[in-house]
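Please load the model in a viewer and keep the selection panel at hand. The stops below are arranged so that each selection leads on to another.

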Amino acid sequence: MAYRFTRDDVGYLDGATGRAALAEVGELALTSASLLKDLEQVRRAHGDRAAALVETVRLRRRATAKLADAGEWLFTDDALQQATPSAVARHRAARLAGRAVHDVTCSIGAELTALAPHCPAVLGSDLDDVRLAMAARNLSGHRNVLLAKADALRPCSVDTVVIADPARRADGRRTHDPAELQPPLPDLLDTYRGRDLAVKCAPGLDFDRLEWPGEVEVVSLDGSVREACLWSPGLAESGVTRRATVLSSKAAAWTITDAEPDDIDERAPGRWIVDPDGAVVRAGLVRHYAAKHGLWQLDPRIAYLTGDTVPEGVRGFRVLDRMDFREKPLRAELRRRDCGPLEILTRGVDIDPDALRSRLKPRGSRPHTLVVTRIGRAATVFLCATP
C-alpha cells in the first residue's frame with residue numbers, strides 16, 4: 001500500500017529539516033532486500049516522518065526514468081504513475097507555444113513544467129490539496145505559473161487553451177471506460193464544448209465510438225505507446241483527424257497523418273518485414289505509413305508491412321523462408337538452421353509466443369526471428385534473420 005501524504009508532510013519535506021533528512025535517506029539502498037532494515041534506521045532517526053521520507057526518496061528514484069529534472073520533486077505514487085513523460089509533455093507544449101494554457105487536472109505539475117517555457121501564462125488547478133501543495137514546490141522556479149484549487153468541471157478561466165488528463169483508475173483498477181474516468185470524459189467534453197481543448201487519454205480508447213470532431217494524436221516514446229491526445233478543431237491541423245507521433249530519446253521525432261496518401265500495391269511478400277511503430281498502428285495509419293515508405297501489407301487486415309527495403313532507422317526482419325504454420329516441419333527447419341535464441345512476433349493468430357518457443361525447443365547457436373501471422377485464411381510463418 002502506497003503511503004498517503006498529507007499537507008503537513010509536504011510542509012515538512014519542503015523545509016530545511018526535511019530537505020536535510022531526505023538527503024540523508026537518499027544515501028540508503030532502500031532495495032527490496034534492505035528496505036525493512038533501512039526503514040528501521042530511518043525511524044530511529046526521524047520518528048513518524050520515516051514513511052514519508054522513504055516513500056519520497058523511492059518515488060524520486062522511479063521518476064528519473066520518466067521525468068526530466070525531477071530529482072528534487074515531491075510526488076504521490078498515483079501522481080507519478082499518471083504523470084506525462086517529460087518528452088511527451090514537451091512535444092505537446094511545443095504545439096501550444098505562445099498560448100495561455102490552463103491545465104484543469106494539474107496534479108503535481110508535470111505538464112505545467114513543460115508548458116512554462118513555451119507559454120506566456122500557465123494556470124494549473126486541481127481539487128487535491130496535497131497534490132497542489134506538491135505542485136507549488138515542484139514549480140517554485142517558474143514565475144509565469146499560477147495554481148488554484150478548482151473543480152475541472154467548473155470552468156474558472158477564460159481565453160485559455162484547456163488541457164485535461166482524466167484519471168484512468170476507478171475503484172483501484174485501471175479503466176478504459178470514458179464514463180468511469182475522473183472526471184468522466186463525456187462530462188469534460190460537454191463542459192468545455194466550443195473551447196480550445198486538449199485531452200490526454202489512454203491509447204486503448206475507442207476513438208471511432210467517441211466521434212471526436214477534431215484530431216486524435218497517438219504518441220509513442222522509445223517504442224512504447226504512451227497516450228492519445230484529443231485536440232479540438234481549433235487546435236487541429238486542417239484536414240487532419242488522425243496523427244501518429246513517434247518520439248525517441250536517441251533520434252529525431254517524426255509524425256504521419258491521415259491527410260497523407262494511403263494508396264499501396266497488393267503484392268507478394270517482399271524481402272523484408274516491417275512491424276510499424278505502435279503509434280502508427282493505434283492511429284489507424286498503417287497504409288499511410290506504407291505508402292510513404294514504398295511498402296505494402298502482407299494482408300489487408302494485418303498491420304505487418306513488407307517491402308524490398310527498410311525505412312531508415314527502422315528495425316526490419318530479412319525473410320529467409322516462408323512456410324505454412326505447422327509446428328513439426330517448422331521445428332525441423334529451425335534445427336537444420338542451428339536456431340538458438342528465438343524471437344517470435346505474432347499478429348492475427350491466437351498463439352502464445354512463449355508457449356510456442358517452448359514447444360519448438362530451439363537449442364542451436366544462431367539467433368532467428370519468427371513472424372507468425374495470417375495471410376487470407378492461412379496461418380503463415382516467416383523465418384527471418386534477427387536484426
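Helices of at least four residues and strands of at least two are DSSP runs, numbered from the N terminus, and two strands pair if DSSP finds at least two bridges between them. The model is predicted, and every value in this tour is computed from it.

**Stop 1: the hairpin of E17 and E18**

Select strand E17, residues 366-375, together with strand E18, residues 378-385. The two run antiparallel and are paired over 8 bridges. Within this pairing, Leu370 is found opposite Leu383 of E18. Now select the turn: the hairpin has 2 residues between its strands, and Gly376 there adopts a positive phi near 65°.

Colour E18 by accessibility. Of its 8 residues, 6 are buried, so the strand is mostly covered, where buried means under 20% relative accessible area.

**Stop 2: the other partners of these strands**

Keep E18 displayed and add strand E15, residues 316-324. E15 and E18 are antiparallel and share 6 bridges. To locate the register, select Val319, whose bridge partner in E18 is Cys384.

Next, return to E17 and add strand E16, residues 339-347. Here the pairing is parallel, over 7 bridges, and Cys339 faces Arg366 of E17. Add helix H14, residues 353-360, to complete the picture: E16, H14 and E17 form a β-α-β unit that is left-handed.

**Stop 3: the nine-stranded sheet**

Hide the previous selection and display strands E3, E2, E1, E4, E7, E9, E8, E10 and E11, which is their order in an open sheet of 9 strands with mixed pairing. Which strands stand at the edges? They are E3 (145-149) and E11 (254-257); each has a single partner strand, so one side of each lacks a neighbour in the sheet. From one strand to the next, the twist averages 20°.

For a detail within the sheet, select E4 (residues 161-164) and E7 (residues 197-201), which are parallel and joined over 3 bridges. Ile163 is the residue opposite Ala198 in E7.

**Stop 4: salt bridges**

Side chains of opposite charge can pair when their charged atoms come close. Across the whole structure, 27 salt bridges are found.

Begin with Asp77 and Arg62, whose closest N and O atoms are 2.7 Å apart. Asp77 belongs to helix H5 (residues 77-82) and Arg62 to helix H4 (residues 50-63), so this salt bridge ties together parts 15 residues apart in sequence. Asp77 counts as buried because its relative accessibility is 15%, whereas Arg62, at 42%, counts as partly exposed.

Then select Glu215, which has salt bridges to Arg95 (2.9 Å, N to O) and to Arg243 (2.8 Å, N to O). The contact with Arg95 links distant parts of the chain, since Glu215 is in strand E8 (residues 215-221) and Arg95 is in helix H6 (residues 86-95), 120 residues away. Glu215 has 0% relative accessibility and therefore counts as buried; Arg95, at 28%, counts as partly exposed.

The contact between Arg243 and Glu215 involves two buried residues. Arg243 lies in strand E10 (residues 242-247), so its salt bridge with Glu215 in E8 ties together parts that are 28 residues apart in sequence.

Finally, select Arg92, Glu111, Asp165, Lys200 and Glu227: salt bridges with shared partners join these residues into one network.

**Stop 5: the largest pocket and the largest cavity**

Keep Asp165 selected and add Gln82, Arg131, Ala167 and Arg168. Of the 41 residues lining the largest pocket, these and Asp165 are the closest to its centre. The pocket holds about 960 Å³ of space.

Which elements each supply at least two residues of this lining? They are H5, helix H7 (110-115), strand E2 (122-126) and strand E9 (224-231). H5 contributes the most, with 4 residues.

For the last selection, turn to the largest cavity, which has a volume of about 50 Å³. Select Thr175, His176, Asp177, Pro178, Leu181, Cys201, Ala202 and Leu205 to display its lining.

Note on methods: Residues are numbered from 1 along each chain as its sequence is written. This is a predicted model: local features need pLDDT of at least 70, side-chain atom pairs count only at pLDDT 80 or more; totals for chains, interfaces and linings use all residues. Side-chain values use heavy atoms; hydrogens and water are left out. Buried means under 20% relative accessible area, exposed over 50%, partly exposed in between (1.4 Å probe, protein chains only). A salt bridge is a side-chain nitrogen of Lys or Arg within 4 Å of a carboxyl oxygen of Asp or Glu. Axes are lines fitted to C-alpha atoms, for helices over the stretch in contact, and angles run from 0 to 180 degrees between N-to-C directions. A crossover is right-handed if, with the strands pointing away from the viewer, the path from the first strand over the helix to the second runs clockwise. On a 1 Å grid over the protein atoms alone, a cavity is a set of points where a 1.4 Å probe fits but cannot get out, and a pocket is an open set with protein on both sides within 12 Å along at least five of seven lines; lining residues have an atom within 4 Å of a point. Grid points are joined across faces, edges and corners, and a volume is the space filled by probe spheres set on the points.
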